Amino acid sequence: MPLPDNRTPSPPYGYSRQGTYTRDQQISIVAEFHAHKIRPSRIAYRVGIDIAFIEELIAGETEQDRFAQLVNHFRKG
């Protein structure tokens, strides 16, 4: 008889846990992670930011200038 599997399954692509950050905090967090070349799906999973919002920021579809400035700031860091 096999033992029960109590491990947590791997989250599917795009999974994010519930986050508690303001929009401004989310932008800053995504910029910092992006500056260190962390994948969008990993950012969503680790800090609970919607992956669609992360991808919008990285693609320059929203907050383009501000996000670029923050990424540069964290790269110099």
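Colleague: Into which class does Arg66 fall: buried, partly exposed or exposed?

Modeller: In this predicted model, the relative accessibility of Arg66 is 30%. Buried would require under 20%, and exposed over 50%. Arg66 therefore counts as partly exposed.

Colleague: With which residue does the side chain of Arg66 meet in a salt bridge?

Modeller: The N to O distance of the pair is 3.0 Å, and the cut-off for a salt bridge is 4 Å. The partner has a relative accessible area of 46% and is partly exposed. The residue that meets Arg66 is Asp24.

Colleague: How many residues apart in sequence are the parts that this pair ties together?

Modeller: The salt bridge joins the side chains of Arg66 and Asp24. Arg66 belongs to helix H4 and Asp24 to helix H1, so the parts tied together are separated in sequence by 42 residues.

Colleague: The structure holds two salt bridges; which residue meets Arg23 in a salt bridge?

Modeller: The N to O distance of this pair is 3.9 Å. Arg23 lies in helix H1 and its partner in the loop between H3 and H4, so parts 40 residues apart in sequence are tied together. Arg23 is partly exposed at 43% relative accessibility. The partner, partly exposed at 32%, is Glu63.

Colleague: Which helix supplies the largest share of the largest nonpolar core?

Modeller: This core has 18 residues, and Val30, Ile49 and Phe67 have the most contacts inside it. Helices H1 (23-35), H2 (40-47), H3 (51-59) and H4 (64-76) each supply at least two of its residues. The largest share, six residues, comes from H1.

Colleague: Why do the buried residues of H2 lie on the same side of the helix?

Modeller: The residues concerned are Ser41, Ile43, Ala44 and Val47. They lie on the same side of H2 because the arc they cover around the axis is only 165°.

Colleague: Against which helices do the buried residues of H2 pack?

Modeller: In soluble globular proteins, nonpolar side chains tend to be buried together. The buried residues of H2 include Ile43, Ala44 and Val47. These buried residues of H2 pack against H1 and H3.

Colleague: Which residue with a positive phi follows H2?

Modeller: Helix H2 spans 40-47. The phi of the residue that follows H2 is positive, near 75°. That residue is Gly48.

Note on methods:
Residues numbered from 1 in each chain as written. Predicted model: local features only at pLDDT ≥ 70, side-chain atom pairs only at ≥ 80, totals over all residues. Heavy atoms only, no water. Core = buried A, V, L, I, M, F, W, Y, C linked by side-chain atoms within 4.5 Å. Buried < 20%, exposed > 50% of the residue type's maximum accessible area, 1.4 Å probe, protein only. Helix = DSSP H or I, 4+ residues; strand = E, 2+ residues; numbered from the N terminus. Arc of directions from axis to C-beta. Contact = heavy atoms within 4.5 Å.
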